[in-house]
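User: I'd like to go through this model and ask where its labels come from. Can you take me through the reasoning step by step?

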Amino acid sequence: MSSESNAPQTQTAEPPRSTKPAISKAIVVFSGGQDSTTCLIQALAQYDEVHAITFDYGQRHSQEIEVAKQLAQKLGAASHKVLDVTLLNELAISALTRDNIPVSNDLMDNGLPNTFVPGRNILFLTLAGIYAYQIGADAVITGVCETDFSGYPDCRNDFIKAMESALVQGMDRQLRLVTPLMWLNKAETWALADKYQQLPLVRDETLTCYNGILGKGCGTCPACLLRQKGLDEYLATPDSIQAILAAKTA
Ligand SMILES: [Zn+2]
């Protein structure tokens with residue numbers, strides 16, 4: 001018998017070793033664009049294990065998939081899954097899924113941009129939720145944002161909350177849909193990348209442009225205009241925008 005067995009037991013507030021916290025796992029819906037890359041950068045700082053998932057639905061530029069692959073590896077995602085969802089392309093007709101429909105700066109008759117792909121985020125978040133169930137992740141992170149792109153109904157917070165509820169009830173398992181950019185404008189999203197010292201990478205190596213041009217992009221499509229305006233705003237007053245970001249994410 002060890003002499004230590006008679007020693008008085010000390011009471012501590014520490015939990016027994018067997019209950020040490022499980023590894024936190026998250027999945028990032030990842031397109032290789034500015035928003036989802038910023039989400040991936042933040043997730044890698046916040047979770048123990050981060051998996052990226054990219055959906056290939058025959059988007060205008062298959063180069064997007066290659067950019068996503070390279071970025072996921074470079075940033076250090078635990079894995080990167082590219083899922084073939086070209087069946088969406090069969091049903092949903094949009095400027096993003098048809099090469100013969102040019103991206104327009106004008107809204108359609110229903111008030112939506114012609115880049116809107118109906119059901120896209122319903123499908124993507126359902127598949128990401130199934131993947132989360134499979135690998136035991138407790139969060140699915142998506143870069144949707146209500147502030148700048150209110151034209152897309154499936155980027156709104158109400159939709160995300162409804163979708164989260166549907167996934168939790170349908171799979172009988174806790175799962176959070178996390179939307180770090182929901183209430184940020186583009187300048188604040190640049191501030192978030194800069195907070196993690198990754199502004200140059202996001203600026204130069206992500207693909208947001210509807211015309212498939214990396215980094216700065218074509219400079220004329222709606223995505224490029226929004227991205228550049230946000231960057232100009234951020235670089236004009238970085239300190240004040242960092243302060244706004246800190247207040248919003250506190
Ligand atoms: Zn562009």
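Analyst: Sure. This is a predicted model, and a good place to begin is helix α1, whose buried residues are Q34, D35, S36, T37, T38, C39, L40, I41, Q42 and A43.

User: What makes α1 largely enclosed by the rest of the structure?

Analyst: The count does. Of its 13 residues, 10 are buried, so the helix is largely enclosed by the rest of the structure. For the background, 44% of the 250 residues of the protein chain count as buried.

User: Why is Q34 called buried?

Analyst: Its relative accessible area is 1%, and buried means under 20%, so Q34 is buried. Q34 sits in helix α1. Apart from neighbours within four places in sequence, Q34 is in contact with K186, T189, W190, V202, T206, T208 and R227.

User: How do you know that the length of α1 agrees with what a helix of 13 residues should span?

Analyst: At 1.5 Å a residue, α1 should span 18 Å. The C-alpha atoms at its ends are 19 Å apart, which agrees.

User: What describes the packing of α1 and α6?

Analyst: Two packed helices are described by the angle between their axes and the distance between the axes. Here α1 (residues 34-46) and α6 (residues 186-195) pack at about 35°, and their axes are 9 Å apart. α1 passes α6 in a left-handed crossing. On the α1 side the contact is made by Q34, D35, T38 and Q42, and on the α6 side by K186, T189, W190, L192 and A193. Sorted by class, that contact has 3 nonpolar, 4 polar and 2 charged residues.

User: On to the rings. Why is the pair of F55 and F124 called stacked?

Analyst: A pair of aromatic rings is described by the distance of the centres and the angle of the planes. F55 and F124 are 4.2 Å apart centre to centre, with 15° between the planes. Rings pair within 6.5 Å, and planes under 30 degrees apart count as stacked, so both tests are met. F55 is in strand β2 (residues 49-56) and F124 in helix α4 (residues 120-135), so the pair links parts of the chain 69 residues apart. Both F55 and F124 are buried.

User: And why is the pair of Y57 and F124 called tilted?

Analyst: Its centres are 5.6 Å apart, with 55° between the planes. That angle is neither under 30 degrees nor over 60, so the pair is tilted. Y57 lies in the loop between β2 and α2 (63-75) and F124 in helix α4, so the pair ties together parts that are 67 residues apart in sequence.

User: How do you know that Y57 counts as buried?

Analyst: Its relative accessibility is 5%, and the cut-off is under 20%, so Y57 counts as buried. F124, at 7%, counts as buried too. With 2 aromatic pairs in the count, ring pairs link F55, Y57 and F124 into a cluster.

User: What makes V117 buried?

Analyst: At 1% relative accessibility, V117 counts as buried. V117 lies in the loop between α3 (87-91) and α4. Between V117 and D154 the C-alpha distance is 9.5 Å, with 37 residues separating them in sequence.

User: How many helices and strands does the protein chain have?

Analyst: The secondary structure comes to 9 helices and 5 strands. From the N terminus on, the order is β-α-β-α-β-α-α-β-α-β-α-α-α-α. Of the contacts between residues at least 6 apart in sequence, 70% join residues at least 24 apart.

Key. Residues are numbered from 1 along each chain as its sequence is written. This is a predicted model: local features need pLDDT of at least 70, side-chain atom pairs count only at pLDDT 80 or more; totals for chains, interfaces and linings use all residues. Side-chain values use heavy atoms; hydrogens and water are left out. Axes are lines fitted to C-alpha atoms, for helices over the stretch in contact, and angles run from 0 to 180 degrees between N-to-C directions. Helices (H or I, at least four residues) and strands (E, at least two) are DSSP runs, numbered from the N terminus. A crossing is left-handed if the near helix is turned anticlockwise from the far one by less than a right angle, and right-handed if clockwise. Contact means heavy atoms within 4.5 Å. Ala, Val, Leu, Ile, Met, Phe, Trp, Tyr, Cys and Pro count as nonpolar, Asp, Glu, Lys and Arg as charged, and the others, Gly among them, as polar. Buried means under 20% relative accessible area, exposed over 50%, partly exposed in between (1.4 Å probe, protein chains only). Rings of Phe, Tyr and Trp (its six-membered ring) pair if their centres lie within 6.5 Å; planes under 30 degrees apart count as stacked, over 60 as edge-to-face and the rest as tilted. The expected span of a helix is 1.5 Å times one less than its number of residues.
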